[in-house]
Each structure stands twice: as structure tokens, then as C-alpha cells.
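User: I would like a close look at a single part of this protein. Please keep it brisk and explain each step.

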Amino acid sequence: MPINCSKCEKIPATVKRPKTGHAVCKTCFFEIFEEEIHETITRGKLFKRGEYVAIAASGGKDSTVLAYVMKTLNDRYDYGLKLVLLSIDEGITGYRDDSLESVKRNEKDYGIPLKILSYEDLYGWTMDRIVKAVPSVEYSRQALDRGATLLGVDKLVTGHNADDIAETVIMNVLRGDIARLQRCTNITTDSEGLIPRSKPFKYTYEKEIVMYAYFKKLDYFSTECIYSPNAYRGHVRAYLKDLETISPPVILDIIHSGECMRLKEEIKLPSQGLCQKCGYISSQAICKACVMLEGLNTGVPDLGVKKSSKVKEKIEKISIQCNGGGCNSMCNS
């Protein structure tokens, strides 16, 4: 016998929410999904009226649903935001080309302007060329910050969902990374000199994002990046999924545990400064990305990957050049 929606109690339920276990109809599911994100935005005070907000758009399910919901809520509740889609073209043959086509369709479907910046423009290298020289490297986060700065936006929003944040909490616990553990659950990250980042999906389950995209028939790209597999995070993700089958609220429970983390006053955390070359967050004088880029440009591609006296000497040399005004065009000074 069909079960009626637990919210409206009139229409037969068609969706069982992974987050709560409640059976609801599609109409009520859409309403609940959007209202929860609106509540996250308003409680977290993520935006101010009139702000220019960039939506990190990869073409995947999370960023596509984020763009759709941000547009919907901005219109419905009159946030007064100026929205723009920001995509980074890493230069990955057969992957990013296709995903960017999805983003371009989103631009037309949602009426949100799109800006695409490439690794070639930002760094002078494509990801395909970088990976050939350095098998393990990550620039995407920094590229988004650089892109947001070039656009002159006030805020940057990303599609990081509750599952992503819970995974990060567990990873930081296993690594004993107290500094990151304390800040990884922040809904907004705001560091000196950088565009503030916000996570409207902080309490939104990945499964519900997928369901929303499916029932709304949203256009997104579903192929995984060939350079993205991370064995460590993969194990943590599998562990979290096992826990979720036993207790669905475990994802939110882990996030709340991270939020409640407090350190004793006598505990000293590593100081976090800014890279002297690019101005990005770094615990070193020159960030790892700039060191790697220097290595790529000078024929020492593994610079910044291997720990050696040669790396230290190179970092010191870069630092001296930077302080002495001999930087390349990447330096902000």
C-alpha cells in the first residue's frame, strides 16, 4: 500500500530522504531541500545584499545543483546577489573539454554569466603537461582563488557537501592534523588577502544532491577526473558509507564533532602566513605550488615534491629573488 508524503500527507511518497529517512513526495522534497540550504545561508550569514558572488563550476553534480539552487534562492528571497559561474580549465584532454560544455549549457539554462580561466593562462602549463613532469600535484584550489581575484568578486561559493566535510574531519583525525581539524568544518574560510569561500551545502547529503539533480533533470557531467583518485580519501569515503548504512545521521554527527573541537590555550598551532610570491595561504615563505612551478620552469619538475637540501636551497633562492624584486610575473609585489 502506498505511503503518503510525511510532510503534505496528501500525495503518495516517492522519495525516502537519506538524511532523515522520511518518505516524501517530489514536490515536498524539492521544497525541503531548497529551504534547508536557504536556512544554512541565512544562519551562516554567508552573503550581504549587493555582493558579487562567484560559483565554482566544474560541470559536476555538486556545482551544477549549487548553481541552480543559488539562482533559485537568489530570485525567490531577493538576496540581491550578482552571480557569475567561474570555471577552471586545467587542460585535461578528454575530460575537462566535455565538462566545460556542461557548464556552458548551465550558463544558458540558468542565465548566469560564465568566466573560464585556464591553467595555461594562470600558470603557463596545462595539467596534462604538469602531470607528465610531476605525477602528483594539486593546483585547482589555488587556481579558483586566483580566478576569483581576477574577477573581482566579493565571495566564492563551492559545492562541498556534508559527505565531503565529514570525510575531511575523519582524515584530519587519522593524520593528527589539529590545525586543519579545527578549521575544516568552518562554513566560511576567510584569510587575509584572499576571497572568502563559503559552503552552502555544508549540511546537505551527497545522495540528496544526486536525487535533486535526477528529479529536476539537471544537465551535469558525471565522469570522474582521470587525475583525481585519492586512495586515502577513497578508504575514508568507503568507511563513512559503511557507517551511514548503520546510522544515517553519522555524517552530521561527525561534522558537529568537528565544530565542537576546542584546543587548550597552551596548544600552539603552526603559524599560517601568505606566500611571498603569489599571496596564497602558506606555512612556508614560498608556497608549494610556487616552488613546483619554479621547478617546472627551470627543469627541476620534482622540486617541492621531494624533501631534500636541494629543495631548501631552491626555496631560499626564490625567496631572495622575491625579496630583492627579481620575481617573475607571478609575484604580487
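Is Ala57 buried or exposed? And what surrounds it?

Analyst: A word of caution to begin with: this is a predicted model. Now to the residue. Ala57 is buried. Its relative accessible area is 10%, and buried means under 20%. So Ala57 falls under that cut-off.

Where does Ala57 sit? Look at the loop between E3 and H2. Strand E3 covers residues 52-56, and helix H2 covers 61-76.

Next, the neighbours. Leave out residues up to four places away in sequence. Ala57 then touches Ser63, Leu85, Leu86, Ser87 and Val103. Strand E4 runs over 82-89. Find Leu85, Leu86 and Ser87 in that stretch.

There is also a record to consult. An unreviewed UniProt entry lists Ala57 under "binding site". The entry gives Ala56, Ser58, Asp62, Ile88, Gly159 and Asp164 under that heading too. Take Ile88 from that list. Ile88 is found in strand E4. With a relative accessible area of 8%, Ile88 is buried.

Asp62 is another listed position, and it brings us to charged side chains. Asp62 belongs to a network of salt bridges. Its partners in the network are Lys61, Asp163, Glu206, Lys207, Lys241 and Glu244. Across the whole structure, the search finds 23 salt bridges.

One of these pairs involves the loop that follows helix H2. Asp78 and Arg49 meet in a salt bridge, 3.2 Å from N to O. Asp78 lies in the loop between H2 and E4, and Arg49 in the loop between H1 and E3, so the pair ties together parts that are 29 residues apart in sequence. Asp78 is partly exposed, at 47% relative accessibility. Arg49 is exposed, at 57%.

Compare a pair inside one helix. Arg43 forms a salt bridge with Glu39, with the closest N and O atoms 3.1 Å apart. Both sit in helix H1, residues 26-43. They are four residues apart, which means a separation of about one helical turn. Arg43 is exposed, with a relative accessible area of 67%. Glu39 is partly exposed, at 36%.

A last pair includes a buried partner. Asp177 and Arg180 meet in a salt bridge at 2.7 Å, N to O. Asp177 counts as buried, at 18% relative accessibility. Arg180 counts as partly exposed, at 46%.

Back to the starting point: Ala57 is a buried residue in the loop between E3 and H2.

How values were computed:
Residues numbered from 1 in each chain as written. Predicted model: local features only at pLDDT ≥ 70, side-chain atom pairs only at ≥ 80, totals over all residues. Heavy atoms only, no water. Salt bridge = Lys/Arg side-chain N within 4 Å of Asp/Glu carboxyl O. Helix = DSSP H or I, 4+ residues; strand = E, 2+ residues; numbered from the N terminus. Buried < 20%, exposed > 50% of the residue type's maximum accessible area, 1.4 Å probe, protein only. UniProt positions renumbered as here; feature names shortened; annotations may be inferred. Contact = heavy atoms within 4.5 Å.
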